[in-house]
Amino acid sequence: MTDNTNPDDVRTAVGESDPGPENTVLLNENPDSNLPPATDHGNPGPLWYSFDLAPKRVQPGGWTHQVTQRELPSSTEIAGVNMRLTEGSFRELHWHHANEWALMLKGKARVSLFQSDGKMFIDDLEEGDLWYFPAGLPHSIQGIGGDGCEFLLVFDQGDFSEDDTFLISEFMAHTPPELVRKNTGWSTDQVKQLPTKELYIFPGTAPGPLESDREFLGKNLEAVNRYTFKRSEMEAAENTSTGSVYIIDSKNFPVSTGISAAIVTIKPGAMREMHWHPNTSEWQYWIQGKGRMTVVTTGGTARTLDFNANDVGFVPSMAGHCIENTGTEDLIFLETFKSPRYADVSLNQWIARMPDEMAQAHLKLDVASIRSAPQERQATISKLPL
Ligand code: MN
Ligand code: MN
């Protein structure tokens, strides 16, 4: 549907007409809200927000905005931040209460993390790569490689705020200068030159080769790449003609004990099958394309709604859901969970495991017709019946 479609054109029945004012652009992006399917029932609470509506903090060197429990009140377990750093620019050295999981969306970055055993981890990442920084350990991110980077951060606290992190600048600026002097051995003049307020995001000079930084660290380098996970290391859990799923959790990325994730690609016309997660709610980031998601929770409360790139989706804990690619290009989205392990329950697989009488009693279909369709979980992604 294009932006100049009249939303009234799709309303045909008398009860669907809408003669008053309307936000045409918004309705055209949300056909399932304009004309909800008859299966919608009650209100399952907020399931959608977009980074493109979130307040954006723009500074020399980049920008940032966040979708947290404040913007999407249902999401008590996960919050997200989307950030851009130009080449050489830093997200200031900092640490925080939440665990941090990240996906590189564009470009290249150099990340560092300092461990409590005195060793420093440092690595370069590109589009599709991940990192995981445990709570409390200080880290930095710097844009590199010509155009810097854009990335998505996922935190395992719904009320996390990127404006509420511990910063190296503030630690030093708010400690009496004579104590900073005594602690560091710097002169009074040196201490006076330290930043007096937060840097947060600021321009810098692009660093030299990674190997130079690693050589500088020598025996103090944390040589095990435990905090980063490269796209090239990923193996698809499902890879079919209708799409693919990459699962990243503590099984293949052992440090990631606070957050698990799946990166899902759905081809045009295909869908992510009806399922739920037995352990936690789901926080989604929509990376590319468009689609619609149906969420069904207790009491038959249900909603089908539309999503576009840069949107955030939420599925309440254990609620049944499915996603259809409604666009013409591949739909790519990220599912994240506050859980060390990824787990889902497939409706189709469950039906396939039901003894005949059990299936017949519940589905009100004869056994032959139940078994004639490919209910077995052949793929997480399944093609729509034509
Ligand atoms: Mn951080
Ligand atoms: Mn799911």
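The following dialogue concerns the metal site and the strand pairing of a predicted model.

Q: Which conventions apply to this model?
A: Residues are numbered from 1 along each chain as its sequence is written, while chains are lettered from A and ligands numbered from 1 in the order in which they are written. The model is predicted, so that local features need pLDDT of at least 70, side-chain atom pairs count only at pLDDT 80 or more, and totals for chains, interfaces and linings use all residues; side-chain values use heavy atoms, with hydrogens and water left out.

Q: Which protein donors does the manganese ion (ligand 1) have?
A: Donors are N, O and S atoms within 2.8 Å of the metal (3.2 Å for Na, K and Ca); water is not among the atoms, so sites may look incomplete. Here they are His 94 (NE2), His 96 (NE2), Glu 100 (OE) and His 139 (NE2), at 2.0 to 2.2 Å from the ion. Their spacing along the chain is H-x1-H-x3-E-x38-H. Because His 94 belongs to strand β5 (residues 90-95) and His 139 to strand β9 (residues 139-155), the pair ties together parts that are 45 residues apart in sequence. Strands are DSSP runs (E, at least two residues), numbered from the N terminus.

Q: Are His 94 and His 139 buried or exposed?
A: Buried means under 20% relative accessible area, exposed over 50%, and partly exposed in between (1.4 Å probe, protein chains only). His 94 and His 139 are both buried.

Q: Which bridge partner does His 94 have in β9?
A: Two strands pair if DSSP finds at least two bridges between them. β5 and β9 run antiparallel, joined by three bridges, and His 94 has His 139 as its partner.

Q: What joins β5 to strand β11?
A: Two bridges link β5 to β11 (residues 201-202) in antiparallel fashion, with Phe 90 partnered by Phe 202.

Note on methods. Helix = DSSP H or I, 4+ residues; strand = E, 2+ residues; numbered from the N terminus.
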